[in-house]
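Student: I should like to learn how to read the surroundings of bound ligands and the empty spaces in a model. Could we proceed from the general idea to the particular case?

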Amino acid sequence: MIKVSVIGAHGRMGRTVVGAVDSADDMELSQQLDASDSFDLVNSGNTDIAVDFTVPSVTLNNVLELVRRGISVVVGTTGWTDERFEEVRKALAENPGVGVFIAPNFAISAVLADHFAGVAARYFESAEVIELHHPDKVDAPSGTAIHTAHTIADARREAGLGSVPDGTQGGMDSRGEVVDGIHVHAVRLRGLNAHEEVLLGNAGEQLTIRADSFDRGSFMPGVLLAIRNMATGAHSGLIVGLDSFLDL
Ligand SMILES: NC(=O)C1=CN([C@@H]2O[C@H](COP(=O)(O)OP(=O)(O)OC[C@H]3O[C@@H](n4cnc5c(N)ncnc54)[C@H](O)[C@@H]3O)[C@@H](O)[C@H]2O)C=CC1
Ligand SMILES: O=C(O)C1=N[C@H](C(=O)O)C[C@H](O)C1
């Protein structure tokens, strides 16, 4: 049995992960921590894998704390940057055999949308990303949209494409946040869960790639897949993105 502890266990995602782990035949739910709980409750005796779904402002410290305790971590929380990844890599170098897996999105629809955007981006002059979420989300733009913008930008660079065309001279606030040269727009609307649209345009044609996650259950097969992969012990170091465990 894989012993799993959940950090952020009282949150929307944390509660869903607790239910999914509890229902998995090969997993045993160990500790459930939230904001006021001490990390002393989690140790390598009671936890094989810790899962972090908290908030961007605390997730780095949580991961570093767990790595120092010799516990591998699966992370879904957003707010990661290259600098934060580097801090995790340094901590992992001091704790060989420990692994950290971070995914901006665990839903297969979103992972594939990101992959397809990377395949398509080189063929289009224009590219923009729209992400749409529930209004209780604290961060914008979404971690997934930031990741997709980088995927598109990487593909454009590799293909030798220049900047996206944009004649806007005023009102830049209306054009969204520019992430790696790609405009990213964030919508917050009651009734939504997690959605993303990638718009790719050429003269006279458009390709739209859209992923819709209607329910937090959509993230659970990906979370369980990551827990199972990390529990094999075959993945030490830092791994980013569920595509690492999919044969895309
Ligand atoms: N990678 C993915 O597929 C997905 C990622 N997310 C991300 O997961 C994160 C959590 O999302 P939600 O569950 O909707 O948020 P939420 O606000 O419902 O839950 C966050 C929980 O973390 C707790 N928390 C805060 N500080 C803590 C600390 N120091 N230690 C332990 N717990 C602490 C809060 O009390 C709360 O219960 C967000 O960053 C969100 O963007 C959400 C859905 C899918
Ligand atoms: O907060 C959410 O809900 C989600 N957060 C992640 C993100 O910011 O990309 C993943 C998914 O979009 C749901």
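Tutor: We begin with residue classes: Ala, Val, Leu, Ile, Met, Phe, Trp, Tyr, Cys and Pro count as nonpolar, Asp, Glu, Lys and Arg as charged, and the others, Gly among them, as polar. A residue is near a molecule if one of its heavy atoms lies within 4 Å of it. In this predicted model, the shell around ligand 2 divides into three nonpolar, seven polar and two charged residues. Among them are Thr78, Asn105, Lys137, Asp139 and Phe219.

Student: On what conventions do these statements rest?

Tutor: The model is predicted: local features need pLDDT of at least 70, side-chain atom pairs count only at pLDDT 80 or more, and totals for chains, interfaces and linings use all residues. Residues are numbered from 1 along each chain as its sequence is written, chains are lettered from A and ligands numbered from 1 in the order in which they are written, and side-chain values use heavy atoms, with hydrogens and water left out.

Student: Which polar side-chain atoms lie 2.6 Å and 2.9 Å from an oxygen atom of ligand 2?

Tutor: A polar contact is a pair of N or O atoms within 3.5 Å; within protein, one must be able to donate a hydrogen and the other to accept it, and residues adjacent in sequence count only if both atoms are side-chain atoms. Here the 2.6 Å distance belongs to His133, and the 2.9 Å distance to His134. A polar backbone atom of Gly143 is also 2.9 Å from an oxygen atom of ligand 2. On its own, ligand 2 has 320 Å² of accessible area (Shrake-Rupley method, 1.4 Å probe), and the protein covers 84% of that.

Student: Which residues come nearest to ligand 1?

Tutor: The shell around ligand 1 has 23 residues, with Arg12, Met13, Asp34, Thr78 and Phe106 nearest. A polar side-chain atom of Asp34 is 2.5 Å from an oxygen atom of this ligand. Backbone atoms take part as well: a nitrogen atom of ligand 1 lies 3.4 Å from Ala35, and a nitrogen atom of ligand 1 lies 3.1 Å from a backbone N or O atom of Gly76. The protein buries 81% of the 870 Å² that ligand 1 exposes when taken alone.

Student: Where does ligand 1 sit?

Tutor: On a 1 Å grid over the protein atoms alone, a cavity is a set of points where a 1.4 Å probe fits but cannot get out, and a pocket is an open set with protein on both sides within 12 Å along at least five of seven lines; lining residues have an atom within 4 Å of a point. A molecule sits in such a space if more than half of its atoms lie within 2 Å of its grid points. Ligand 1 sits in the largest pocket, and ligand 2 also occupies the largest pocket. The volume of that pocket is about 800 Å³ (the space filled by probe spheres set on points joined across faces, edges and corners). Its lining has 36 residues, with Met13, Phe53, Thr54, Val55 and Thr77 closest to the centre.

Student: How many cavities of 30 Å³ or more does a search of the whole structure find?

Tutor: The search finds one, with a volume of about 80 Å³. Its lining comprises 14 residues, and Asn105, Ala110, Ala194, His195 and Glu196 lie nearest its centre.
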